[in-house]
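Student: Please show me the chain, and then we can work through some questions on it.

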Amino acid sequence: MVKFSKELEAQLIPEWKEAFVNYWQLKKQIKKIKLSRKPKQPQQPNHDFGLSIFQIIRFFAYKFSNNFFRSDTKTEIIQVNYMYTLQDGNDDNEEIYQTELLQLFFEEDEMRVFFERLDEELNKVNKFYKATESELVEKGELLNRQLQILLDIKQVLNNSCRKPNAAGIFNPPSWSSCPCNAETTNESNDKPGESSETDEIIAALEKNGVNFINSATMSKTKIGKPKMALRIDIPATTPTRTISAIASMLWEDLVNNSKKEPGRPGDFINRKKIQCAEKMIRGAFVELYRGLGLLKTYSSLNMVAFTKILKKFDKVSNQHASASYLKAVKRSYFISSDKVVRLMDEVEAIFTKHFADNDRKKAMKFLRPQQRKESHMVTFFVGLFTGCFVSLFSIYATLAHMSGIFSPNAGRSYVETVYPVFSVFALLSLHLFMYGCNLFMWKSTRINYNFIFEFQPSTALKYRDAFLISTTFMTSVVAAMIIHLLLRANGFPQSHVDAIPGILLLIFTALLICPFDLFYRPTRYCFIRVIRNIICSPFYKVLMVDFFMADQLTSQIPMMRHLESTACYFLAGGLRTHRYETCNNGRLYRDLVYVISFLPYYWRAMQCARRWFDECDLKHLANMGKYVSAMVAAGARLTYARQKNHLWFGIVLVTSSVATVYQLYWDFVEDWGLLNPKSKNLWLRDDLILKNKSIYYISIALNIVLRVVWVETVMRFRFNIVESRMLDFFFASLEVMRRGHWNFYRLENEHLNNVGKFRAVKAVPLPFRETDSDD
């Protein structure tokens, strides 16, 4: 039977852990009560008679009270008092519970401490529940107003689009053909008494207390305050929206700086804006429902925790205090309030009616997405492909040794054509394996990576799936390498044999973009979407998963350079002629090496610039400087590899040292949140997920060592082409492992930031914003 403490640890909401009942601390206090009830060991005679007499009197008083009250089992041994205190700046009263002991106990001090801490936990739970409930209720009211505005706009636009024109012909019911000015004008229609389409929208929206006014004809209410103008704020998350937002901003500046005349066009409400607004409101309802569900879980888990801990107290103390205290718990706010349940029912009804076409099953798929069940077949195939990989790799190593393809006297054909493509697969597989290890560690340590990355729980990749993809990948690659060696040994044309790695690359590329619902299609399409966002930086809004993936690409620069070599050999016909100087000595190829080495750092720098533009936080500009310094260092090392002289050697040392120190500082202080001199954990941080502190110090040292691997690229400890390729692959693998090691602590720090701010639900921006008309 699983202990409740472990069950609570597994079920509680990680971001709200500090707000839950501290069940473990209360258990420690019960253990102290248990120890105080054990008979003491015989001690030496004590000559302090005053103290001995006091202990004897207290002991007999305890026995007397137990015998006296034991005859009446209904006698209360505790009394739970509660009072209401008025909070500053808030009309609501806060319940404060305080327990009073009605009997004399031998272990009175321990009893008093236990109930004091129990009261503190109950007050803490009530306070957090009430604050979170108020926040969710307020969000619900705001969402209802947003939804009503959306429905009014859609209804008026539908009616106006179907109104016959002067020729008696009905306009087509197209949203895009019905642009409606969001700001009113003083112009009237040609026929008196006939309202314009804009006037109809204003009349409908004024029911919700929203007034549309033109910036050129500002008016004020009776009390002198300016009326409110409604704006549709669609986040600039895509290039199209970004360009539209910039154009709108420039247009508003032009209008504000020019002479304001009646009838000047303002913001237009069209089909695209309405669709985006509807999607945003729908997402906000989903997150609201999720937050309500979490708060309901919070209430039930805390109730069970109070029940369990009071039962333990009764068992240890041989008293019956649980019934009295549980009465107080059940009438406390976090149990007696039914606002959450009623609001959940309202959200279900609203979502079913307006976003699911009155189909409850369809609505529940959005509101309560089912998590994908883990299959034992996945575990079976992981073990199967792991064994196949080990066996096939042993066969490949034996064949390679017998054929002598890695000997210094062997030709360059294998290492120039086959090695780059197979290295790409090997580095990708290693990265997937490290990601699987990250998923396993995040799950084991209760780090909510799905919430941080905004993944859907029903389609999110699990660590077994990552291991399955990695092992399948490497088993296929090693099998292709064995076939390649066997065909070479049997005298097949070399140009045909060397095409096998390229065919394998095309097969995996086709699987990546396969439109059928096979081979983890949601994950594949999510990967493609994230890569698109990275390449198009800074036009897409930067999410956590976007810059996290961009950081992964900065560790895969060797893989991207191998892809360049492979593409060059295939496109330039190097596989047919085996003249490898065509690519290595070509000017375009040599220049592209710089571009490929700069691209991941450039993308990441553009993401920092976009985040600075969105959030106005100078820390993002400092982060951008880190990637610029990495670009400078990479360019200096590439130039030194071609022009080996003392000048470039000094430039490489300076630029690489500055970039390394910059990166190490950002790793430890900003990304990991460590090296805090004021922390209670020496040079770490106050909150640590891993219990063993030495792991953090080892990780710091390991990250420093792996960050300075660039020294080898300057010293060049190698002798021939085979050793050079092997060392390049080895150091590229070390960088991939360093990135996987970095990933865990980066997400740990992000998780602790969410925990510190109790952020368990994603904040969704709302489309309709009320602004002062004179802004």
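The questions below go from the core to one helix and then to the charged pairs.

Tutor: This is a predicted model, in which local features need pLDDT of at least 70, side-chain atom pairs count only at pLDDT 80 or more, and totals for chains, interfaces and linings use all residues. Residues are numbered from 1 along each chain as its sequence is written, and side-chain values use heavy atoms, with hydrogens and water left out.

Student: Which helix gives the largest share of the largest nonpolar core?

Tutor: A nonpolar core is a set of buried Ala, Val, Leu, Ile, Met, Phe, Trp, Tyr and Cys residues joined through side-chain atoms within 4.5 Å; buried means under 20% relative accessible area, exposed over 50%, and partly exposed in between (1.4 Å probe, protein chains only). The largest core has 69 residues, and among those touching the most other members are Trp16, Phe114 and Tyr325. Helices are DSSP runs of H or I, at least four residues, numbered from the N terminus. The largest share of this core, 19 residues, comes from helix α7 (residues 271-317).

Student: Why does the length of α18 agree with what is expected?

Tutor: The expected span of a helix is 1.5 Å times one less than its number of residues. Helix α18 (residues 521-535) has 15 residues and should therefore span 21 Å. Its end C-alpha atoms agree with that, being apart by 21 Å.

Student: Which elements do the buried residues of α18 pack against?

Tutor: The buried residues of α18 include Arg524, Val530 and Ile534. With contact meaning heavy atoms within 4.5 Å, the buried residues of α18 pack against α17, α19 (544-554) and α23 (587-615).

Student: Is Glu348 buried or exposed?

Tutor: Glu348 meets Arg360 in a salt bridge at 3.1 Å, N to O, where a salt bridge is a side-chain nitrogen of Lys or Arg within 4 Å of a carboxyl oxygen of Asp or Glu. Glu348 lies in helix α10 (residues 339-354) and Arg360 in helix α11 (residues 360-367). Arg360 is partly exposed, because its relative accessible area is 44%. At 8% relative accessible area, Glu348 is buried.

Student: Which helix holds both Arg746 and Glu750?

Tutor: Arg746 forms a salt bridge with Glu750, with the closest N and O atoms 3.2 Å apart. Both Arg746 and Glu750 are buried. The two residues are four residues apart, about one turn, in helix α28 (residues 721-756).
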